[in-house]
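Biologist: Could you take me closely through the sheet in this model and what packs against it? I would like one connected account, with the values where you have them.

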Amino acid sequence: MTPQDRAKRSAAAMWANDRASQALGMTLTDIAPGTATLTMPVRDDMLNGHRLCHGGFIFALADSALAFASNSHNRNALAQNNQITYVAPAHAGEVLTAIATEIHVAGRSGTYDVTVTGDKLRTVALMRGHTRTIAGTLFEEPQ
């Protein structure tokens with residue numbers, strides 16, 4: 001099995017059980033070993049009292065992208081620590097894109113950077129995430 005095939009099968013297994021991302025309207029648009037791209041439209045019900053996208057929804061998108069990237073090797077990886085910086089607001093009707101990129105993996109620990117952009121590739125948020133691998137896999141690999 002190629003690394004790309006493994007990433008696609010891992011993503012399919014995760015997506016099948018990820019009701020939260022689906023409910024928020026996220027779409028997995030690209031997956032490769034150590035990287036993932038997700039999009040999410042900003043709906044009116046995601047706005048805060050300032051009529052801007054609530055930071056929690058932006059975080060959820062970034063965290064989901066990190067999850068798909070860190071699990072793309074068919075290892076069960078969970079977020080251990082995430083730090084997000086909000087750079088610019090997102091508005092209703094925008095489609096946000098989160099791109100997660102693997103920076104370093106050693107043993108059971110991984111480091112990932114996620115960039116969330118809005119319309120016209122305007123940076124909305126930057127996240128650095130650390131993961132920890134636990135026992136198990138997302139699917140049984142053929143021998």
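**The sheet and its packing**

Modeller: In this predicted model, 6 strands form an open sheet in the order E1-E2-E4-E5-E6-E3, and their pairing is antiparallel. The edges are strand E1 (27-32) and strand E3 (77-86), each of which pairs on one side only, and from one strand to the next the twist averages 20°. At the E3 edge, E3 and E6 run antiparallel and are joined by 9 bridges; Asn81, for instance, has His130 in E6 as its bridge partner.

Helix H3 lies across E1, E2, E3, E4, E5 and E6, and its direction makes an angle of about 140° with E3. The packing can be followed through the largest nonpolar core, which has 31 residues, with Ile58, Leu61, Leu96, Val114 and Val116 making the most contacts inside it. Two or more residues of this core come from each of helix H1 (3-17), strand E2 (35-41), helix H3 (55-70), strand E4 (95-106), strand E5 (109-117) and strand E6 (123-133), and H3 gives the largest share, 7 residues. Such a grouping fits a general tendency: in soluble globular proteins, nonpolar side chains tend to be buried together. Val116 serves as an example, because, leaving aside neighbours within four places in sequence, the residues in contact with Val116 include Ile58, Leu61 and Ala62, as well as Leu96, Thr97, Ala98 and Val124.

Tyr112 is another residue to follow, and it is found in strand E5. With a relative accessibility of 1%, Tyr112 counts as buried, since the cut-off for that class is under 20%. Not counting residues up to four places away in sequence, Tyr112 touches, among others, Leu66, Ala69 and Ser70, together with Thr101, Glu102, Ile103, Met127 and Arg128. With Glu102 there is also a polar contact of 2.9 Å between the two side chains. Tyr112 and Ala16, by contrast, are 23 Å apart from C-alpha to C-alpha, with their positions 96 residues apart in sequence.

The two helices named above meet in an aromatic pair, and the structure holds 1 such pair. The ring centres of Trp15 and Phe68 lie 6.1 Å apart and the ring planes stand at 45°, so the pair is tilted. This pair links distant parts of the chain, with Trp15 in helix H1 and Phe68 in helix H3, 53 residues apart. The two partners can also be set side by side by accessibility: Trp15, at 25%, counts as partly exposed, whereas Phe68, at 1%, counts as buried.

Definitions and conventions: Residues are numbered from 1 along each chain as its sequence is written. This is a predicted model: local features need pLDDT of at least 70, side-chain atom pairs count only at pLDDT 80 or more; totals for chains, interfaces and linings use all residues. Side-chain values use heavy atoms; hydrogens and water are left out. A nonpolar core is a set of buried Ala, Val, Leu, Ile, Met, Phe, Trp, Tyr and Cys residues joined through side-chain atoms within 4.5 Å. Buried means under 20% relative accessible area, exposed over 50%, partly exposed in between (1.4 Å probe, protein chains only). Helices (H or I, at least four residues) and strands (E, at least two) are DSSP runs, numbered from the N terminus. Contact means heavy atoms within 4.5 Å. Two strands pair if DSSP finds at least two bridges between them. Axes are lines fitted to C-alpha atoms, for helices over the stretch in contact, and angles run from 0 to 180 degrees between N-to-C directions. A polar contact is a pair of N or O atoms within 3.5 Å; within protein, one must be able to donate a hydrogen and the other to accept it, and residues adjacent in sequence count only if both atoms are side-chain atoms. Rings of Phe, Tyr and Trp (its six-membered ring) pair if their centres lie within 6.5 Å; planes under 30 degrees apart count as stacked, over 60 as edge-to-face and the rest as tilted.
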